[in-house]
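Hi,

Here is the structure I promised to pass on to you. Please open it next to this email, and then read on for what turned up in it.

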Amino acid sequence: MHATAPVTALEPIDWTAVRRLVRASATASGWLTLGAADPILRASGIPTVPSFVATDVDSAVTAAAACASTSRLLVLKAIVPGLLHTTESGAVVLDVEPTDV
């Protein structure tokens with residue numbers, strides 16, 4: 001049996017602000033970048049978790065250490081130009097211990 005979280009009321013959504021963010025953030029292909037999606041989700045009342053972009057091993061270790069105090073497990077996702085379906089491509093790794101980065 002799965003535990004159920006209590007349902008909480010959402011704050012009213014400023015749809016004008018959401019549309020403005022989407023229009024300003026969409027790429028030529030129509031897809032949103034990782035950095036653009038987070039503010040849109042938050043403006044829509046959808047909670048997000050902290051995310052970091054690491055461009056080398058040192059920055060990945062630093063980001064993992066920053067998450068270690070608040071998260072037990074991490075998700076690693078590759079950012080590759082033109083790669084739209086990261087999960088299907090094997091570019092997402094779930095349940096990574098912060099100390100394994």
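First, a term you will need: a pocket here is an open set of grid points where a 1.4 Å probe fits, with protein on both sides within 12 Å along at least five of seven lines, and its lining residues have an atom within 4 Å of a point. Please also keep in mind that this is a predicted model.

**The pockets**

Let me start with the largest pocket, which has a volume of about 910 Å³. Its lining is made up of 26 residues, and those nearest the centre are Ser51, Phe52, Val75, Leu76 and Lys77. Where does the lining come from? Helix 2 (34-43), helix 3 (57-68) and strand 1 (74-77) each contribute at least two residues to the lining of the largest pocket. By class, that lining holds 19 nonpolar, five polar and two charged residues.

The second largest pocket encloses about 490 Å³ of space. Here 16 residues form the lining, with Leu32, Thr33, Leu34, Lys77 and Leu83 closest to the centre. The lining of this second largest pocket splits into ten nonpolar residues, five polar ones and one charged. You may notice that Lys77 has come up twice: it is among the residues nearest the centre of the largest pocket, and also among those closest to the centre of the second largest pocket.

**Helix 1**

Next, have a look at helix 1, which covers residues 15-25. Which of its residues are buried? Ala17, Val18 and Ser25 are. Viewed down the axis of helix 1, these buried residues fall within an arc of 100°, so they line one face of the helix. Thr16, Arg20 and Arg23 are exposed on the other side of helix 1. As for what lies over the buried residues of helix 1, helix 2 is part of that cover.

Ser25 deserves a moment of its own. Its side chain reaches the backbone oxygen of Leu21 at a distance of 2.7 Å. Setting aside neighbours within four places in sequence, Ser25 is in contact with Leu32, Ala36 and Ile40. Of these, Leu32 is also one of the residues closest to the centre of the second largest pocket.

**Three residues to click on**

- Ala54 sits in the loop between helix 2 and helix 3. With a relative accessible area of 39%, Ala54 is partly exposed. Beyond its neighbours within four places in sequence, Ala54 is in contact with Ser59 and Ala60. How far is Ala54 from Arg72? The two are 18 residues apart in sequence and 19 Å apart in space, C-alpha to C-alpha.
- Thr86 belongs to the loop between strand 1 and strand 2. Is Thr86 buried or exposed? Its relative accessibility is 10%, and buried means under 20%, so Thr86 counts as buried. Not counting residues up to four places away in sequence, Thr86 touches Lys77, Ala78, Ala91 and Val92.
- Asp95 is found in strand 2 (residues 92-96). The phi angle of Asp95 is near 55°, a positive value in a residue other than glycine. Its relative accessibility is 56%, and the cut-off for exposed is over 50%, so Asp95 counts as exposed.

If you have time for just one stop, try Lys77: look for it in the lining of the largest pocket, and then for its contact with Thr86.

Enjoy exploring, and write back with any questions.

Best wishes

How values were computed. Residues numbered from 1 in each chain as written. Predicted model: local features only at pLDDT ≥ 70, side-chain atom pairs only at ≥ 80, totals over all residues. Heavy atoms only, no water. 1 Å grid on protein atoms, 1.4 Å probe; cavity = no way out; pocket = protein on both sides within 12 Å on 5 of 7 lines; lining within 4 Å. Points joined across faces, edges and corners; volume = space filled by probe spheres on them. Helix = DSSP H or I, 4+ residues; strand = E, 2+ residues; numbered from the N terminus. Nonpolar A, V, L, I, M, F, W, Y, C, P; charged D, E, K, R; others polar. Polar contact = N/O pair within 3.5 Å; in protein donor to acceptor, adjacent residues only side chain to side chain. Contact = heavy atoms within 4.5 Å. Buried < 20%, exposed > 50% of the residue type's maximum accessible area, 1.4 Å probe, protein only. Arc of directions from axis to C-beta.
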